[in-house]
Amino acid sequence: MDKKDVDLDINELTMYFPGYNFKVNKNIEMISPTVGDIIEFGEEKYYSTVHSLSCIPSDMISTLWDMGIDWEELDDFELFIMLSRSIDKEQTKLIFEDLDLSKMQMVVNNETEDICLINEETNQVIDRLAYMKISAYLRKLHNIKPKIKKAKTKTTKKLLIELDRGDKEKALKNNQHKSQLKPLISAMMRYPGFKYKSNELKECTLYEFMDTVQGAAIYISSTSLLQGSYSGFCDTSKINKEAFDWMRESSSE
């Protein structure tokens with residue numbers, strides 16, 4: 001199943017406002033958390049869970065290799081099944097509405113021979129299509145852009161493994177958690193056009209806040225280009241005209 005051929009039906013407008021869930025299928029819904037929700041839950045724990053549910057084999061090259069698994073032979077859904085076995089309801093309470101991944105069992109469809117996760121007590125099912133919706137929603141919400149890494153030769157494969165191992169060892173040495181939200185919040189509090197006070201920001205959905213951050217960057221870039229073009233100090237002949245439009249979609253960046 002190619003995700004290009006599937007309508008994932010993600011409504012970005014509802015992601016912008018609190019209280020609107022994303023319906024994966026009949027019995028599974030996803031939440032658009034607020035900034036305050038994440039602060040109270042624990043930012044490090046939240047983003048760690050998001051990573052586990054949205055990562056692809058290329059994000060875990062050396063880890064999988066040390067387990068005897070070639071990341072190029074493992075598909076995204078199979079990795080999701082592997083990682084979700086140890087994630088309980090408490091860890092995903094800001095991601096899913098009433099879903100416990102740790103209680104789902106892996107089964108094989110005898111007709112299609114494809115795998116899926118099922119909780120027979122709640123009738124909740126995560127098949128390949130549901131997984132595609134879950135991962136697409138998480139990536140859209142957190143602006144995650146997966147990078148697939150393929151090796152054309154054995155030498156390249158060995159190099160990719162060692163580079164990934166080095167990155168992970170470096171991350172372990174610098175194990176001190178660094179907030180992803182704090183520098184963005186701090187920057188936006190200094191931005192003259194930001195309309196929220198800190199207590200009001202807590203009520204914003206994460207999607208609204210991140211969209212505002214990207215929008216501020218677009219506005220500053222566009223107005224700087226316009227001012228440069230009017231003053232004559234900037235040669236705009238080779239600049240894409242869309243770059244002057246501060247109302248353009250932030251997703252185009």
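## Close-up views of a predicted model

**Figure 1. Overview of the chain in the predicted model.** Of the 253 residues in the chain, 38% are buried. The secondary structure of this chain amounts to 10 helices and 6 strands. When contacts in the chain between residues at least 6 apart in sequence are considered, 64% of them join residues at least 24 apart. The surface that the chain exposes comes to about 15,800 Å², and carbon and sulfur atoms supply 51% of that area.

**Figure 2. An open sheet of 3 strands in the order β1-β2-β3.** The pairing within this sheet is antiparallel, and its edges are formed by β1, covering residues 22-25, and β3, covering residues 96-97, each of which pairs on one side only. Helix α6, made up of residues 128-142, packs on the sheet and touches β1, β2 and β3, with a direction that makes about 155° with that of β1.

**Figure 3. The hairpin that joins β1 to β2.** The connection between β1 and β2 runs through 2 residues, and the two strands pair in the antiparallel sense over 3 bridges. Within this pairing, K23 has E29 in β2 as its bridge partner.

**Figure 4. The pairing of β2 with β3.** Strand β2, which spans residues 28-30, is joined to β3 by 2 bridges, and the two strands run antiparallel. On this side of β2, the bridge partner of E29 is E97 in β3, while in the pairing with β1 the residue bridged to E29 is K23.

**Figure 5. The crossing of helices α5 and α6.** Helix α5, comprising residues 76-84, and helix α6 have axes that come within 10 Å and cross at roughly 80°. Because angles of 65 to 115 degrees count as roughly perpendicular, this crossing makes α5 roughly perpendicular to α6. The residues that meet here are D76, F77 and F80 on the side of α5, and R128, Y131 and R139 on the side of α6. Sorted by class, the contact of α5 with α6 comprises 3 nonpolar and 3 charged residues, with no polar residues. Helix α6 therefore takes part in two of the views shown here, since α6 crosses α5 at roughly 80°, is roughly perpendicular to α5, and also packs on the sheet, where α6 touches β1, β2 and β3.

Conventions
Residues numbered from 1 in each chain as written. Predicted model: local features only at pLDDT ≥ 70, side-chain atom pairs only at ≥ 80, totals over all residues. Heavy atoms only, no water. Pairing = 2+ DSSP bridges. Helix = DSSP H or I, 4+ residues; strand = E, 2+ residues; numbered from the N terminus. Contact = heavy atoms within 4.5 Å. Axes fitted to C-alpha atoms, helices over the stretch in contact; angles between N-to-C directions. Buried < 20%, exposed > 50% of the residue type's maximum accessible area, 1.4 Å probe, protein only. Areas by Shrake-Rupley, 256 points an atom, 1.4 Å probe, with all protein chains shown as cover. Parallel < 35°, antiparallel > 145°, perpendicular 65-115°, else oblique. Nonpolar A, V, L, I, M, F, W, Y, C, P; charged D, E, K, R; others polar.
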